[in-house]
Amino acid sequence: MHFETRAIHAGYDPFDHFGAVNPPVFLSSTFAQSAPGKHQGFEYARSGNPTRKALEGVLASIEGGEHACAFSSGLGATDSIIKLLSAGDHCIVADDVYGGTFRIFDKTFKRFGIEFSFVDTTRLENVRAAFKPNTKMLFLETPSNPLLKVSDIAALTALAREKKAITVVDNTFATPYLQRPLELGADIVMHSCTKYLGGHSDVVMGAAITRDEKLHQQIAFNQNASGAVPGGLDCYLVHRGIKTLGVRVEKSCDNAEQVVSFLLEHKRVTKIFYPALEQHVNHDVAARQMRRFGAMISFEIDGSVADGVKVVSDRKVWTLGESLGGVESLLEHPASMTHASIPKEMRAKAGLNDGLIRLSVGIEDPRDLIEDLKNGLESY
Ligand SMILES: *Cc1c(COP(=O)(O)O)cnc(C)c1O
């Protein structure tokens, strides 16, 4: 079956539950046994419940995987994935991964003796040079945040395999509708389901998906042992979100293309980061591995931090906020928000200029999005 059919039907059989078209929300923390160890597949809800099982089934299916584990957040998933490693192991990580991913590696797991090298994974030579005899994992995020850099998943996973390391891809920005890393050779895909999979900004959740039975067993062990599991209602919400993933992502991409066309013509916009543009440094790789180019856009204005603040403040349609991937369009100004704690010189070195603005384009009418953005750009 094809993607959108699987997104609606995989993982769940209505006739397991009285014909209910939607998976029931199970709120039981424990399950009755008729004799010790005799039960219908569930014992205690940290190790599993039927609502979570249905969601894990559809997650595995839409990523082209065999197995999935759902977590109480994206970082909960990352936590259980990195615990596949042991003290003394080395992990190569994309240098512009999500801030929370960097933090848990650099501040938590480094203390437990895991070594990390943060490298620009858009350049294969850099990654090749970073391998050491104890390298066990390559952790990628593509497209990345907020500059939408794109790494070549097929080439990098082939390199990691040659070096006997596994590859993990954070597929949050692209979604499995646009990009399927397992089909390109990755061993594990992780998601912040908080973003596009949930899609309505009403749930925090994460997932880890693989085809490898042994890796799955280890991740599922960590999921149960560490216990960052989602509740039944949250599983239901993400499952419902996944049913409309295809149509939402298509509409968001259509809208994003129109917003980019508008930005290209606006005199205050000096630079646009969007992988569909031929001038984008990784356009060719993106065109090869993604179905469309997504709905995240960053751009620079010719202005100061204060001007950037003006552009994003008091918008009528765009919501000023962190996060992304919901039906509503969001915008943010990294220099005064997500990246404000980084000194200006370091921000500039990483390409995060004072006038950089990041958009997560939702599914409103694009005319309203463009008019509101125009008013913002002309407010200083
Ligand atoms: C939000 C996000 C995460 C973290 O997920 P949470 O659900 O917030 O824990 C990880 N990676 C990316 C790319 C994200 O956008």
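This briefing walks through a sheet, some helix packing and a ligand site in the structure above. Keep in mind that the model is predicted. Its open sheet has seven strands, and 13 residues surround the ligand. Two helix pairs, α3 with α4 and α10 with α14, round off the tour.

**The sheet**

- Going across the open sheet, you meet its seven strands in the order β1-β7-β6-β5-β4-β2-β3, and the pairing is mixed.
- The edges belong to β1 (67-71) and β3 (115-119); each has a single partner strand, so one side of each is left without a neighbour in the sheet.
- On average, neighbouring strands of this sheet are turned by 20° against each other, if direction is ignored.
- As a reminder, strands of a sheet pair through backbone hydrogen bonds, and they can do this in a parallel or an antiparallel way.
- For a worked example, look at β4 (residues 135-141) and β5 (residues 166-170), which pair in the parallel sense over five bridges.
- Glu141 has Asp170 of β5 as its bridge partner.

**Helices lying across the sheet**

- Helix α6 (residues 153-162) lies across β4 and β5, and runs at about 150° to β5.
- Helix α8 (residues 213-226) lies across β1, β5, β6 (188-192) and β7 (206-210), running at about 20° to β1.

**Around the ligand**

- Among the 13 residues around the ligand, those that come nearest are Gly74, Asp170, Ser192, Thr194 and Lys195.
- Asp170 is worth finding twice, as it is also the bridge partner of Glu141.
- A polar backbone atom of Gly74 is 2.9 Å from an oxygen atom of the ligand.
- Leu75 has a backbone N or O atom that lies 2.9 Å from an oxygen atom of the ligand.
- Ser192 uses its side chain: an N or O atom there is 2.8 Å from a ligand oxygen atom.

**Helices packed on helices**

- To describe two packed helices, we give the angle between their axes and the distance between those axes.
- The axes of α3 (residues 74-82) and α4 (residues 99-108) come within 10 Å and cross at roughly 35°, in a right-handed crossing.
- From α3, Leu75, Thr78, Asp79 and Ile82 meet Gly100, Thr101, Arg103, Ile104 and Phe105 of α4.
- Sorted by type, the residues of this α3 and α4 contact are four nonpolar, three polar and two charged.
- Helices α10 (residues 245-265) and α14 (residues 366-377) pack at about 35° with their axes 10 Å apart, and their crossing is right-handed.
- Residues making this contact include Phe262 and Leu263 of α10 and Leu369 and Ile370 of α14.
- The α10 and α14 contact divides into eight nonpolar, two polar and two charged residues.

Technical notes. Residues are numbered from 1 along each chain as its sequence is written. This is a predicted model: local features need pLDDT of at least 70, side-chain atom pairs count only at pLDDT 80 or more; totals for chains, interfaces and linings use all residues. Side-chain values use heavy atoms; hydrogens and water are left out. Two strands pair if DSSP finds at least two bridges between them. Helices (H or I, at least four residues) and strands (E, at least two) are DSSP runs, numbered from the N terminus. Axes are lines fitted to C-alpha atoms, for helices over the stretch in contact, and angles run from 0 to 180 degrees between N-to-C directions. Contact means heavy atoms within 4.5 Å. A crossing is left-handed if the near helix is turned anticlockwise from the far one by less than a right angle, and right-handed if clockwise. Ala, Val, Leu, Ile, Met, Phe, Trp, Tyr, Cys and Pro count as nonpolar, Asp, Glu, Lys and Arg as charged, and the others, Gly among them, as polar. A residue is near a molecule or strand if one of its heavy atoms lies within 4 Å of it. A polar contact is a pair of N or O atoms within 3.5 Å; within protein, one must be able to donate a hydrogen and the other to accept it, and residues adjacent in sequence count only if both atoms are side-chain atoms.
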